[in-house]
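Got your viewer open? Let's take a walk through this one together, picking selections as we go.

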Amino acid sequence: MILVTGGAGYIGSHTVKELRSRGYDVVVYDNLSTGHIEAVGDAVFVKGDLFDVELLKDTFKKYGVDSVIHFAAYSLVGESMTNPIKYYKNNVSGTLCLLEAMVSCDVKYLVFSSSAATYGDTGEDIITENSPQNPTSVYGMTKLMMERLMSDFDKAYGLKYVALRYFNAAGADESGLIGEDHNPESHLIPIIMQVLNGKRGKLGIFGDNYPTFDGTCVRDYVHIMDLADAHIKALESLRAGANSNYYNLGNGNGFSVRQVIETVEKVVGRKVNCEVVPRRAGDPAVLVASSDKIKRELGWNPVYNSLEKIVASAWKWHSTHPDGYKTK
Ligand code: UFG
């Protein structure tokens with residue numbers, strides 16, 4: 001049995017859906033502070049908090065859990081800069097509680113949702129797993145600290161983990177039944193879609209004076225179902241006896257904010273109302289991944305390898321769910 005923390009959230013719910021479609025038994029553990037019960041599908045659901053070590057232990061025992069995929073975390077770069085207490089407490093202390101419960105119940109395998117934000121501004125065109133990790137945001141620092149916790153738990157207790165450092169998760173499952181729904185929304189592609197759906201007046205482009213070819217930030221967008229597949233491959237490698245490891249997950253192509261807007265306009269066939277506004281604190285100029293390591297070692301191969309495909313799947317969800325899961 002696999003326990004998925006944050007399984008009611010955006011990346012968690014897509015991974016749960018893929019696990020279930022491949023026949024895995026899953027228990028979702030989520031406090032629903034940002035997740036959606038509608039996204040859980042047919043997995044077992046336990047409403048619980050990472051800080052509730054006793055409930056975690058009971059859940060591990062009750063369902064015979066041998067592996068954990070850990071998504072539960074706050075994930076807004078901007079918010080982390082103004083409210084670091086919330087981020088260090090939930091992400092770092094919450095993970096410590098989870099690891100403590102795992103050690104106490106002898107749950108040995110952990111796949112962890114880390115982030116490109118652990119790298120910060122590397123100044124490198126393409127980031128490999130050997131690039132220095134100097135986060136520019138509190139959010140990125142919490143993910144780096146979580147990776148360190150796991151490494152120390154491996155040394156001390158033999159906990160085996162894979163940290164997946166994903167770049168910009170985007171898109172939605174082709175079923176159109178689950179997708180991205182944050183409140184408030186802060187991510188670029190869903191915000192553009194909200195503008196197109198008339199839910200928001202215009203998109204603010206956060207700065208056009210970065211050292212990039214058009215002055216706007218460059219990111220590597222990777223499809224949510226390709227991420228889901230990577231989590232399953234990582235877990236299978238641990239269960240087959242692999243050592244702890246860490247991998248980047250991206251498509252290897254950088255797109256500026258302006259290019260993302262143009263791609264959405266092309267896919268949807270409408271203009272996006274936007275204006276340049278001041279920079280957002282904590283944003284690195286460029287984040288583009290080399291994912292060669294996971295391709296080589298785990299045979300990961302992203303299916304959604306173009307921004308058009310990613311945007312089209314996102315639009316399928318947003319155009320049919322303009323109010324997210326609340327859409328009637
Ligand atoms: N952006 C805008 N206007 C907006 C929203 C975003 O210009 O209204 C820009 C941002 O400045 C950034 C780009 O669009 O340059 C992408 O921003 P997102 O908020 O969509 O994504 P981030 O790159 O900030 O962060 C995402 C995840 C993090 C993860 C990070 C790693 O949200 O969890 O990718 O790159 F750590």
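Which residues does L164 touch, not counting residues up to four places away in sequence? Select L164 and have a look around: you'll find V111, F112, S113, S114 and S115, then A230, H231 and A234, and also Y247, L249 and I294. Keep in mind as you click that this is a predicted model.

Now add I192 to your selection. Along with L164, I192 has the most contacts inside the largest nonpolar core, a set of 58 residues. Next, highlight residues 224-239, which form helix α7. Helix α7 gives this core its largest share, eight residues.

Ready for another stop? Pick Y29, A101, L110 and L159: they are among the 27 residues of a second core, separate from the one you just saw.

Time to zoom out and show the whole chain. Switch to cartoon and you can go hunting for 10 helices and 14 strands. Turn the C-alpha trace along its principal axes, and the protein spans about 55 × 45 × 40 Å. A compact globule of 328 residues would have a radius of gyration near 20 Å, and the protein has 19 Å, so the two agree.

Try colouring by burial next: 56% of the 328 residues are buried. Then switch on the surface, which comes to about 13,400 Å² accessible, with 50% of that belonging to carbon and sulfur atoms.

For a last selection, colour the charges. There are 34 positive and 39 negative ones, and their mean positions lie 2 Å apart.

Technical notes:
Residues numbered from 1 in each chain as written. Predicted model: local features only at pLDDT ≥ 70, side-chain atom pairs only at ≥ 80, totals over all residues. Heavy atoms only, no water. Helix = DSSP H or I, 4+ residues; strand = E, 2+ residues; numbered from the N terminus. Rg over C-alpha atoms; globule rule 2.2 N^0.38 Å. Buried < 20%, exposed > 50% of the residue type's maximum accessible area, 1.4 Å probe, protein only. Areas by Shrake-Rupley, 256 points an atom, 1.4 Å probe, with all protein chains shown as cover. Lys, Arg positive; Asp, Glu negative; His and termini not counted. Charge placed at Lys NZ, Arg CZ, Asp CG, Glu CD. Core = buried A, V, L, I, M, F, W, Y, C linked by side-chain atoms within 4.5 Å. Contact = heavy atoms within 4.5 Å.
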